[in-house]
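Visitor: Could you take me through one part of this molecule slowly and show me what surrounds it? I am in my first year, so please explain the terms as we go.

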Amino acid sequence: MSSSMQTTPLQPEKEADAEAETNPELYQHFANLVSSLPASKGLSNNQNQFYRHDQGWYCSLVPIVGAMVADACFTARPTDIIMATLPKSGTTWIKSLLYATVHRREHPFFSSPTSYHCSLPSTIPASGCKIVYVCRGPKDHLISQCDFVNKFRAMNQLEPVSVEAAAELFCSGLSPFGPYWDHVLGYWHALLAQPQQVLFFRYEEMQRDAAAHVRKLAEFVGQPFDAGEEEECVVDAIVRLCSFENMRGLEVTKKGKTDLVIGTVENIENSSFFRRGVTGDWKNHLSPETARRIDAITARS
């Protein structure tokens with residue numbers, strides 16, 4: 001997403017899709033390469049197949065091949081703002097907040113930015129562009145991820161994966177978009193190394209004080225709220241606009257559908273992207289033993 005008010009959000013994954021259409025040989029080259037990687041079964045939405053990349057296990061060919069194509073073809077610009085999360089970690093919320101904040105003068109109260117694949121092309125770290133990352137607690141992330149994956153499994157007439165089975169795979173690093181702890185720590189270390197380039201939010205802290213995080217977001221992208229906007233309560237308006245309750249009630253959420261390419265093209269209802277959005281729901285699903293195991297891995301990481 002660009003920080004300029006005159007440009008449209010930048011979408012590396014769509015540039016990769018365009019490159020696949022204009023240069024099918026490159027896409028096929030990476031697809032063949034990934035097909036030769038070690039494979040394993042795991043938590044997935046259709047074929048239940050994982051491939052072992054040097055950065056961890058990934059579900060299906062698409063996430064890895066897409067990242068490889070983006071790495072080969074995408075060039076980041078210093079004015080870009082990259083939004084990064086693991087899926088089911090507040091992705092829809094942060095992209096709505098970021099878009100509404102950056103474009104608040106151009107499109108007041110307008111939202112629905114596009115999403116971004118979490119694997120970053122190699123040009124991004126050296127480009128000087130901004131990276132906004134959201135981390136959600138591992139236990140709530142696991143529960144939300146398991147629920148979402150089971151929606152895909154139901155579409156493909158597959159039995160749902162139990163929470164405990166999903167937790168076993170999760171603790172072993174078999175998550176659809178790579179190991180949770182590696183992903184989070186990678187961005188945490190990037191924050192420590194380049195604090196001017198990386199903004200690291202925690203989902204739980206965002207929930208406690210969304211307005212403060214919107215202000216931090218605006219400062220980070222170089223568009224702080226002025227005194228007039230504060231008087232007009234623009235921050236609070238953005239928080240209400242992008243709230244879980246408001247977005248869940250939109251017509252595009254209740255009736256719209258999205259095509260996702262994960263192994264095969266899936267047409268999924270937009271309402272599937274909204275579950276509960278609360279903190280601590282894992283207590284209703286995980287056994288105490290499993291919760292302690294996840295806590296122990298987190299403490300060691």
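Guide: Let's begin with β6. Of its 5 residues, 4 are buried, so this strand is largely enclosed by the rest of the structure. "Buried" stands for a relative accessible area under 20%, "exposed" for over 50%, and "partly exposed" for anything in between, using a 1.4 Å probe and protein chains only. The names come from DSSP runs: helices are H or I runs of at least four residues, strands are E runs of at least two, and both are numbered from the N terminus.

A word on where this comes from. You are looking at a predicted model, in which local features need pLDDT of at least 70 and side-chain atom pairs count only at pLDDT 80 or more, while totals for chains, interfaces and linings use all residues. Residues are numbered from 1 along each chain as its sequence is written, and side-chain values use heavy atoms, with hydrogens and water left out.

Now look at what sits beside β6. It pairs with β5 in the parallel sense, over 5 bridges; two strands count as paired if DSSP finds at least two bridges between them. At one place in this pairing, V134 stands opposite F201 in β6. V134 also has a partner in β4, where it is the bridge partner of T85. Another bridge joins I82 to I131 in β5. Altogether, β4 (residues 81-85) and β5 (residues 130-135) pair over 5 bridges, in the parallel sense.

Put these together and you have an open sheet of 3 strands in the order β4-β5-β6, with parallel pairing. β4 and β6 (198-202) stand at the edges with a single partner strand each, so one side of each has no neighbour in the sheet. Ignoring direction, neighbouring strands here are turned by 15 degrees against each other on average. Angles are taken between N-to-C directions and run from 0 to 180 degrees, with axes being lines fitted to C-alpha atoms, for helices over the stretch in contact.

Which helices lie on this sheet? Helix α4 (residues 91-102) packs on it and touches β4, β5 and β6, its direction making about 165 degrees with that of β4. α8 also packs on the sheet, touching β4, β5 and β6, and its direction makes about 130 degrees with that of β6. Contact here means heavy atoms within 4.5 Å.

At the other edge, β4 is mostly covered, with 5 of its 5 residues buried. Both of its faces are covered: I81, M83 and T85 are buried on one side, and I82 and A84 on the other. Just before α8, the loop between α7 (163-171) and α8 (180-193) holds G178. With 3% relative accessibility, G178 counts as buried. Its C-alpha atom is 8.8 Å from that of L86, although the two residues are 92 apart along the chain.

From the sheet we can step outwards through α4. This helix packs against α10 (residues 210-220) at an angle of about 55 degrees, with the axes 10 Å apart. That angle makes α4 oblique to α10. As a guide, angles under 35 degrees are roughly parallel, those over 145 roughly antiparallel, 65 to 115 roughly perpendicular, and the rest oblique. The crossing of α4 and α10 is right-handed: the near helix is turned clockwise from the far one by less than a right angle, whereas anticlockwise would be left-handed. W93, I94, L97, L98 and T101 in α4 meet A210, V214, L217 and A218 in α10. The residues of this contact divide into 8 nonpolar, 1 polar and no charged. Ala, Val, Leu, Ile, Met, Phe, Trp, Tyr, Cys and Pro count as nonpolar, Asp, Glu, Lys and Arg as charged, and the others, Gly among them, as polar.

α10 has a further neighbour, α12 (residues 234-241), and the two pack at about 110 degrees with their axes 9 Å apart. α10 and α12 are therefore roughly perpendicular to each other. A210, A211, V214 and R215 of α10 and V235, D236, I238 and V239 of α12 make the contact. They comprise 6 nonpolar, no polar and 2 charged residues. A237 is also found in α12, and its 8% relative accessibility counts as buried. From A237 to A211 it is 9.4 Å, C-alpha to C-alpha, with their positions 26 residues apart in sequence.
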